[in-house]
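Reader: I would like a close look at one part of this model, the place where the two chains meet. Please go through the symmetry, the contact and the charged pairs in turn.

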Number of protein chains: 2
Amino acid sequence: MVTKQFSGSADEADLRRADSLAREIFSDVANKWALLIIEALGERTLRFSELRTAVEGISHKMLTQNLRMLERNGLVGRTVHPTVPPRVDYALTEPGRGLLVTVDAMCEWTHRRLADIDEARRRFGG
Amino acid sequence: MVTKQFSGSADEADLRRADSLAREIFSDVANKWALLIIEALGERTLRFSELRTAVEGISHKMLTQNLRMLERNGLVGRTVHPTVPPRVDYALTEPGRGLLVTVDAMCEWTHRRLADIDEARRRFGG
DNA sequence: CAGGATCCGCCCGGATACTG
DNA sequence: CAGTATCCGGGCGGATCCTG
């Protein structure tokens with residue numbers, strides 16, 4: 001379970017708040033685009049336009065939307081250079097780096113299991 | 001990147017196939033309900049109805065849909081007991097257990113960063 | 001170049017009813 | 001109890017246009 005990992009002397013109301021917060025964060029973060037953005041920023045700081053090509057298939061709208069969300073949660077930092085034309089850099093924060101570790105693990109798992117899954121699908125019939 | 005981690009003497013076409021497969025798997029797996037189901041099955045084998053209550057908020061339809069998907073990818077095994085009323089058990093396969101490790105890490109990360117994110121949100125303004 | 005705003009089609013996902 | 005089928009509304013997400 002995502003929730004109910006805290007116990008002890010805390011107030012019940014506090015626990016419920018923590019629970020709903022945890023679920024909210026999980027819902028935010030456990031989505032394809034967010035994780036792909038995190039992964040892309042894992043290598044290095046990227047500009048908006050760079051992210052757009054780094055995360056293949058993402059639309060303008062989804063990119064901004066997810067970037068705002070990640071920024072709101074303090075996982076991605078945003079640096080605006082007051083130049084013309086404007087330049088905006090996105091980079092993982094330290095909490096963001098923590099998440100990156102698990103995303104990396106997930107990507108690695110995907111590749112390690114590629115063959116198994118391919119075969120499983122064939123057996124399943126598709 | 002999710003893709004392009006293989007290199008060497010393989011055929012270009014093979015690489016592209018592996019890439020698109022990896023993206024497909026990632027899209028399948030990197031969604032809220034799938035991860036919550038994996039997490040729930042991490043503790044023990046569960047019946048359909050048990051999963052329904054274990055994964056809070058999931059609808060009948062989403063549960064079956066995601067279970068089929070996970071089964072198709074060979075991450076979750078399905079055991080039908082020919083009794084009446086019918087009983088169906090769902091359990092992680094060995095590849096599924098591998099994914100569980102990373103999901104667990106993600107949940108742990110969520111809880112570890114709860115306070116930081118809470119504060120980040122407040123600073124962001126909301 | 002970054003990104004807000006708007007329109008809108010399509011599909012996700014919930015509710016319900018029905019079968020084995 | 002487990003699962004499929006159908007209907008349908010809300011929202012996701014793409015395309016486009018516009019600002020600084």
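Author: What follows covers the interface of chain B and chain A, then the salt bridges in and around it.

The model is predicted, and every value below is computed from it.

Start with how the copies are related. Chain B is superposed on chain A by a rotation of 180° with 0.0 Å of shift along the axis, and the RMSD is 0.1 Å. That is the relation of a two-fold axis. Both copies use the same surface, since 100% of the contact residues of chain B recur in chain A. Within chain B, the residue that comes closest to the rotation axis is Asn31(B), with its C-alpha at 2.5 Å.

Next, the extent of the contact. Chain B gives 49 residues to it and chain A gives 50 residues. The area buried between the two chains is about 5,200 Å², and carbon and sulfur atoms give 66% of that area.

The polar side of the interface can be counted too. Across the interface of chain B and chain A there are 15 residue pairs in polar contact, with both residues at pLDDT 80 or more. On the side of chain B that touches chain A, at least two residues come from each of helix H1 (12-29), helix H2 (32-43), helix H4 (60-72), helix H5 (94-112) and helix H6 (114-124) of chain B. Sorted by class, that side of chain B has 24 nonpolar, 10 polar and 15 charged residues.

Now the charged pairs. Side chains of opposite charge can pair when their charged atoms come close. The count over all chains is 26 salt bridges, and across the interface of chain B and chain A it is eight. One salt bridge links the side chains of Asp118(A) and Arg17(B), at 3.4 Å from N to O.

Another salt bridge is formed by Glu94(A) and Arg113(B), whose closest N and O atoms are 3.0 Å apart. Glu94(A) belongs to helix H5 (residues 94-112) of chain A, while Arg113(B) sits in the loop between H5 and H6 of chain B, so this pair joins two chains. The partners differ in burial class: Glu94(A) has a relative accessible area of 56% and is exposed, whereas Arg113(B), at 14% relative accessibility, counts as buried. Arg113(B) also has a partner in its own chain, Asp116(B), with the closest N and O atoms 3.5 Å apart in that salt bridge. Asp116(B) is partly exposed, at a relative accessible area of 32%.

A further salt bridge lies within chain B, between Glu119(B) and Arg123(B), where the closest N and O atoms are 2.7 Å apart. Both residues lie in helix H6 of chain B, four residues apart, which is about one turn of the helix. Glu119(B) is partly exposed, with a relative accessible area of 44%, and Arg123(B) counts as exposed at 61% relative accessibility. Elsewhere, Glu24(A), Asp28(A), Arg72(A) and Arg121(B) are joined into one network by salt bridges that share partners.

Key. Residues are numbered from 1 along each chain as its sequence is written. Chains are lettered from A and ligands numbered from 1 in the order in which they are written. This is a predicted model: local features need pLDDT of at least 70, side-chain atom pairs count only at pLDDT 80 or more; totals for chains, interfaces and linings use all residues. Side-chain values use heavy atoms; hydrogens and water are left out. Copies are superposed by least squares on the C-alpha atoms of residues with pLDDT of at least 70 in both. Contact means heavy atoms within 4.5 Å. Buried area is the accessible area (1.4 Å probe) that two parts lose on being put together, summed over both. A salt bridge is a side-chain nitrogen of Lys or Arg within 4 Å of a carboxyl oxygen of Asp or Glu. A polar contact is a pair of N or O atoms within 3.5 Å; within protein, one must be able to donate a hydrogen and the other to accept it, and residues adjacent in sequence count only if both atoms are side-chain atoms. Ala, Val, Leu, Ile, Met, Phe, Trp, Tyr, Cys and Pro count as nonpolar, Asp, Glu, Lys and Arg as charged, and the others, Gly among them, as polar. Buried means under 20% relative accessible area, exposed over 50%, partly exposed in between (1.4 Å probe, protein chains only).
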